[in-house]
Amino acid sequence: MTDDTRDVVVTERVHHAHDIVGLTLADPSGAALPDWQAGAHIDLLLPDGRARQYSLCGSDGAWSIAILNRPTAVVGRPGSTTTSAKAT
């Protein structure tokens, strides 16, 4: 595990289903993000200090994640609703 923290911006937000949102992430400066392989994941740090892990998906060269948007009462812990709502 590395402590490689970086800022990213959301470049695309797609609703894949009524409760799944896909986000494409990019470096704010336009620089290429590191390559990744199947099974790779990122820790997304939320504005309130919590962290959530998401598997990278899609094609190489892009960082994309899919978020299942469920209310806290269903999941048992907050995070997915906050993540998908805050990503713009």
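Buried means under 20% relative accessible area, exposed means over 50%, and partly exposed lies in between (1.4 Å probe, protein chains only). The model is predicted, so local features need pLDDT of at least 70 and side-chain atom pairs count only at pLDDT 80 or more, while totals for chains, interfaces and linings use all residues. Residues are numbered from 1 along each chain as its sequence is written, and side-chain values use heavy atoms, with hydrogens and water left out.

**Exercise 1: Elements of the chain**

Task: Find how many helices and strands the protein chain has, and in which order they run.

Solution.
Step 1. Helices (H or I, at least four residues) and strands (E, at least two) are DSSP runs, numbered from the N terminus.
Step 2. The count gives two helices and five strands.
Step 3. Starting at the N terminus, the order reads β-β-β-β-β-α-α.
Step 4. Of the 88 residues in the protein chain, 27% are buried.

**Exercise 2: An open sheet**

Task: Work out which strands form the open sheet and which are its edge strands.

Solution.
Step 1. Two strands pair if DSSP finds at least two bridges between them.
Step 2. Strands pair through backbone hydrogen bonds in a sheet, either parallel or antiparallel.
Step 3. Here three strands form an open sheet in the order 1-2-5, with antiparallel pairing.
Step 4. Strand 1 and strand 5 are the edge strands, as each pairs on one side only.
Step 5. Look at strand 1 and strand 2: they run antiparallel and are joined by seven bridges. A hairpin of two residues links strand 1 to strand 2. Val9 has Ala26 in strand 2 as its bridge partner, and Ala17 stands opposite Ile20 in strand 2.

**Exercise 3: A loop residue**

Task: Place Asp19 in the chain and decide whether Asp19 is buried or exposed.

Solution.
Step 1. Asp19 sits in the loop between strand 1 (9-17) and strand 2.
Step 2. Its relative accessible area is 11%, so Asp19 is buried.
Step 3. Contact means heavy atoms within 4.5 Å. Not counting residues up to four places away in sequence, Asp19 touches Ile67, Leu68, Asn69 and Arg70.

**Exercise 4: Strand 3 and its hairpin**

Task: Describe the two faces of strand 3 and how strand 3 pairs with strand 4.

Solution.
Step 1. In a regular strand the side chains alternate between the two faces of the sheet.
Step 2. In strand 3, Ile42 and Leu44 make the covered face, while His41, Asp43 and Leu45 make the uncovered one.
Step 3. Check Leu44: its relative accessible area is 17%, so Leu44 is buried.
Step 4. Strand 3 pairs with strand 4 (residues 51-55) in the antiparallel sense over five bridges. One bridge partner pair is Asp43 with Gln53 in strand 4.
Step 5. The two strands, strand 3 and strand 4, form a hairpin with five residues between them, and Gly49 in the turn has a positive phi of about 100°.

**Exercise 5: The nonpolar core**

Task: List the residues of the largest nonpolar core and the elements that give two or more residues to this core.

Solution.
Step 1. A nonpolar core is a set of buried Ala, Val, Leu, Ile, Met, Phe, Trp, Tyr and Cys residues joined through side-chain atoms within 4.5 Å.
Step 2. The largest one has twelve residues: Val21, Leu23, Leu25, Leu33, Trp36, Ile42, Leu44, Tyr54, Leu56, Trp63, Ile65 and Ile67.
Step 3. Strand 2 (20-26), strand 3 (41-45) and strand 5 (63-68) each give two or more residues to this core.
Step 4. Zoom in on Ile65: leaving out residues up to four places away in sequence, Ile65 touches Val21, Gly22, Leu23, Ile42, Leu44, Tyr54, Ser55, Leu56 and Cys57.

**Exercise 6: Salt bridges**

Task: Find how many salt bridges there are, and classify Arg6, Asp48 and Arg50 by exposure.

Solution.
Step 1. A salt bridge is a side-chain nitrogen of Lys or Arg within 4 Å of a carboxyl oxygen of Asp or Glu.
Step 2. By this rule there are two salt bridges.
Step 3. Arg6 meets Asp4 at 2.8 Å, N to O. Arg6 has 31% relative accessibility, so Arg6 is partly exposed.
Step 4. Asp48 meets Arg50 at 2.5 Å, N to O. Asp48 is partly exposed because its relative accessibility is 48%, and Arg50 is partly exposed too, with a relative accessible area of 22%.
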